[in-house]
Amino acid sequence: MSATASFQVPTPDGPRRTTLAYARKGTGDPLLLLHGIGHHRQAWDPVADILAAERDVIAVDLPGCGESPALPDGLSHDLATTTAVLGAFCEALGVERPHAAGNSLGGLLALELGRGNRVRSVTALSPAGFWAPAERRYAFGLLTGMRHAAQRMPVPLVERLSRTAAGRAVLTSTIYARPGRRSPEAVVAETLALARAEGFFETLRSGRQVRFTDDVPGIPVTVAWGSRDRLLLPRQGVRAKHAIPRARLVRLPHCGHVPMSDDPALVARVVLDGSRR
């Protein structure tokens, strides 16, 4: 069930009230799920029920995404601020050091939370931040093109394309290896989420200088990469392993950049295994 949490986040000009939307289900140790740029928490729907059998699953819409409003004046859509917002969100929910799993930008945020010892474990699926400069430019170019296409495409056209497997491939094959597995309703919703995501370009601009080069000591870390990731190329997983030597590096065969619907059983197992270590 969808809910919202409002809380104060400190800024140089005083505290600012921030609100995030989230969905929560299941029992067990808390598990925070973080999606990628321009996406929404429903990206995790294909695995949420499997995870909820063993975890208290909290899937959150990042600031300016899905049902969460953009950050208020005085807060920037950058890595440090969003990490602080997520820490305050967990405090508002009374959740102390959850496990964290994230995809793309969400994977980078999960690693940042781990580096700050705010979570018990991290599972990062194709996390951002391990790119070479040319790879970052390539990824940001694709993301910009996807955003412009989503904004310019009339909703009736999106709905018509979503009704066929070929149309769903046109809309989502950049991020899914098996776009035909997405439901028409899910494809329409995530296309609209991309078109309407506030702070999209501010987030993208703030990522130009981001590279994750620090270790994440003291907690279990799993880095998993889809073998058919067309956005953040799989070789970046090797760089992640070099940066975080004790991390477990997992290959996700036949999965794309957002692997949760490409192989829900495999992704759920990787996340659960990562939070048991």
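**Exercise 1. The protein as a whole**

How much area does the protein expose, and what share of it do carbon and sulfur atoms supply? Then work out what the overall dimensions say about the fold of this predicted model.

*Solution.* Step one takes the surface: the protein exposes about 11500 Å², and carbon and sulfur atoms supply 52% of that area.

Step two turns to the dimensions. The C-alpha atoms fill a box of roughly 45 × 40 × 40 Å along the principal axes. A compact globule of 277 residues would have a radius of gyration near 19 Å, and the 17 Å found for the protein agrees with this expectation.

Step three looks inside, where 56% of the 277 residues count as buried. Among contacts between residues at least 6 apart in sequence, 72% join residues that are at least 24 apart. The secondary structure consists of ten helices and eight strands.

Step four adds the charges: there are 35 positive and 25 negative side chains, and the centres of these two sets lie 6 Å apart.

**Exercise 2. A hairpin at the start of the chain**

Describe how strands E1 and E2 pair, and state which residue in their hairpin takes a positive phi.

*Solution.* First, locate the strands: E1 covers residues 2-9 and E2 covers residues 16-25, and the two pair in the antiparallel sense over eight bridges. Next, fix the register with one pair of residues, Gln8, which stands opposite Arg17 in E2. Finally, inspect the connection, in which six residues lie between the strands and Gly14 takes a positive phi near 105°.

**Exercise 3. The surroundings of helix H3**

Is Leu111 buried or exposed, and what surrounds the helix in which it lies?

*Solution.* Begin with the residue itself. Leu111 lies in helix H3, which spans residues 105-115. Because its relative accessible area is 0%, below the cut-off of 20%, Leu111 counts as buried.

Now list its partners: apart from neighbours within four places in sequence, Leu111 is in contact with Val122, Ala124, Pro127, Phe130, Phe212, Val216, Val221 and Ile244. For a view of separation, compare Gly74, which is 37 residues from Leu111 in sequence and 24 Å from it in space, C-alpha to C-alpha.

Then widen the view to the helix. Ten of the eleven residues of H3 are buried, so the helix is largely enclosed by the rest of the structure. Among these buried residues are Leu105, Gly106, Glu112 and Gly114. The elements against which the buried residues of H3 pack are strand E3 (29-34), H2, E5, strand E6 (122-125), helix H8 (200-206) and strand E7 (221-226).

A further residue illustrates the side of H2: Thr82 lies in helix H2 and is buried, with a relative accessible area of 10%. Beyond its neighbours within four places in sequence, Thr82 is in contact with Pro63, His77 and Leu109, and Leu109 is one of the buried residues of H3.

**Exercise 4. The pairing of E5 with E6**

In what sense do E5 and E6 run, how many bridges join them, and which residues cover the two faces of E6?

*Solution.* Start with the pairing: E5 and E6 run parallel and are joined by four bridges. The register can be read from Gly102, which stands opposite Ala124 in E6. For the faces of E6, Val122 and Ala124 lie on one side, with Thr123 and Leu125 on the other. These four residues are all buried, and both faces are covered. Two of them, Val122 and Ala124, are also among the contacts of Leu111.

**Exercise 5. Loops and positive phi angles**

Which residues other than glycine have a positive phi in the loops before E5 and before E6, and how accessible are they?

*Solution.* The background comes first: most residues other than glycine have a negative phi.

In the loop between H2 and E5, Arg97 has a positive phi near 50°. Arg97 counts as partly exposed, at 30% relative accessibility. The same loop holds Glu96, which is exposed because its relative accessible area of 67% is over 50%. Glu96 and Arg118 are 22 residues apart in sequence and 7.8 Å apart in space, C-alpha to C-alpha.

In the loop between H3 and E6, Asn117 has a positive phi of about 60° although it is not a glycine. Asn117 follows H3 and is partly exposed, with a relative accessible area of 45%.

Key. Residues are numbered from 1 along each chain as its sequence is written. This is a predicted model: local features need pLDDT of at least 70, side-chain atom pairs count only at pLDDT 80 or more; totals for chains, interfaces and linings use all residues. Side-chain values use heavy atoms; hydrogens and water are left out. The radius of gyration is taken over C-alpha atoms; the globule rule is 2.2 Å times the number of residues to the power 0.38. Buried means under 20% relative accessible area, exposed over 50%, partly exposed in between (1.4 Å probe, protein chains only). Contact means heavy atoms within 4.5 Å. Accessible areas come from the Shrake-Rupley method with a 1.4 Å probe; for residues, only the protein chains shown count as cover. Lys and Arg count as positive and Asp and Glu as negative; His and the chain ends are not counted. The place of a charge is taken as NZ of Lys, CZ of Arg, CG of Asp or CD of Glu. Two strands pair if DSSP finds at least two bridges between them.
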